[in-house]
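Open the model in your viewer and keep the sequence panel visible. The tour below goes from one selection to the next.

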Amino acid sequence: MTLLLGDTVPDFTADTTLGPISFHDWIGEDWAFFFSHPADFTPVCTTEMGRTSQLSAEFTARGVKPIGLSTDTVEEHFKWIEDVNDTQNTTLRFPIVADPDLKIAKLYEMLHPSESETAAVRSVFIIDSDKKLRLTMTYPMNVGRNFDEILRVIDALKTSDANGVALPADWRPGDLAIIPPSVSDEEAKIKFPQGFDTIRSYLRTVDITSSQKDNA
């Protein structure tokens, strides 16, 4: 099975460092940042686990729950967390899924044979509260993830959902948004009373921060 954007992600039950979970129930009404690692006690993974922990307040502010996965046991995870906390100066509190039989790694296609037959690559799944897949990214084993980009894309997805806009290259909160071509000028005048700029017939930019302030 290939997971495509917009698909309902597979549910699963698993042991984690915070006890057994049913994935969909665990997500609940929040979003999830589900990310896999090749193995416990590996250097790049240790920095990524630490960085996720350090950013816990940022994820919470966005209504997003982090959850990691490594193809090791819960017992190994607990030992590894001690190293993560010690070397990365943090206190890791989010769950790490145990997947020693590779069941979940296979379900989510985290195994890439050219990288390894038994260790998951660095997969990223951003999942919304409807359990729909909103974004995927896959990094090789020897390159760590960019957590600024992970937070940026969560902001972008939520901003797009809330305002019915598209977002340009390198967009960050506060930047201009784009009115989708499917919205006519007449509809845009109603939807965006603050006004918009027409650069081309298919490229119209709008400042959504003014409407957000008005609604605050």
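The stops are an aspartate in a loop and then two nonpolar cores. Keep in mind that this is a predicted model.

**Stop 1: Asp99.** Select Asp99, in the loop that runs between strand S5 (96–98) and helix H5 (103–107). Asp99 is buried and has no salt bridge. Which side chain of opposite charge is nearest to Asp99? That is Lys103, 8.1 Å away.

Now show backbone nitrogens. The side chain of Asp99 has a polar atom 3.0 Å from the backbone nitrogen of Lys103. The Asp99 side chain also reaches the backbone nitrogen of Ala105, at 2.8 Å.

Next, display the contacts of Asp99, leaving out residues up to four places away in sequence: Leu69, Ser70, Thr71, Asp72, Ile104 and Ala105.

**Stop 2: the largest nonpolar core.** Select Phe33, Met49, Phe59, Leu92, Ile126 and Ile150; of the 25 residues in this core, they touch the most other members. Then colour strands S3 (31–37), S6 (122–127) and S7 (133–139) along with helices H2 (43–54), H4 (74–88) and H6 (147–163), each of which supplies at least two residues of the core. Which element gives the most? H6 does, with six residues.

Zoom in on Phe33. With residues up to four places away in sequence not counted, Phe33 touches Thr52, Phe59, Val64, Lys65, Pro66, Ile67, Val124, Phe125, Ile126, Phe147 and Ile150.

**Stop 3: another core.** Apart from the largest core lies another, of 20 residues, including Ile21, Ala32, Leu69 and Ala105. Leu69 and Ala105 were also among the contacts of Asp99.

Terms used
Residues are numbered from 1 along each chain as its sequence is written. This is a predicted model: local features need pLDDT of at least 70, side-chain atom pairs count only at pLDDT 80 or more; totals for chains, interfaces and linings use all residues. Side-chain values use heavy atoms; hydrogens and water are left out. Helices (H or I, at least four residues) and strands (E, at least two) are DSSP runs, numbered from the N terminus. Buried means under 20% relative accessible area, exposed over 50%, partly exposed in between (1.4 Å probe, protein chains only). Lys and Arg count as positive and Asp and Glu as negative; His and the chain ends are not counted. A salt bridge is a side-chain nitrogen of Lys or Arg within 4 Å of a carboxyl oxygen of Asp or Glu. A polar contact is a pair of N or O atoms within 3.5 Å; within protein, one must be able to donate a hydrogen and the other to accept it, and residues adjacent in sequence count only if both atoms are side-chain atoms. Contact means heavy atoms within 4.5 Å. A nonpolar core is a set of buried Ala, Val, Leu, Ile, Met, Phe, Trp, Tyr and Cys residues joined through side-chain atoms within 4.5 Å.
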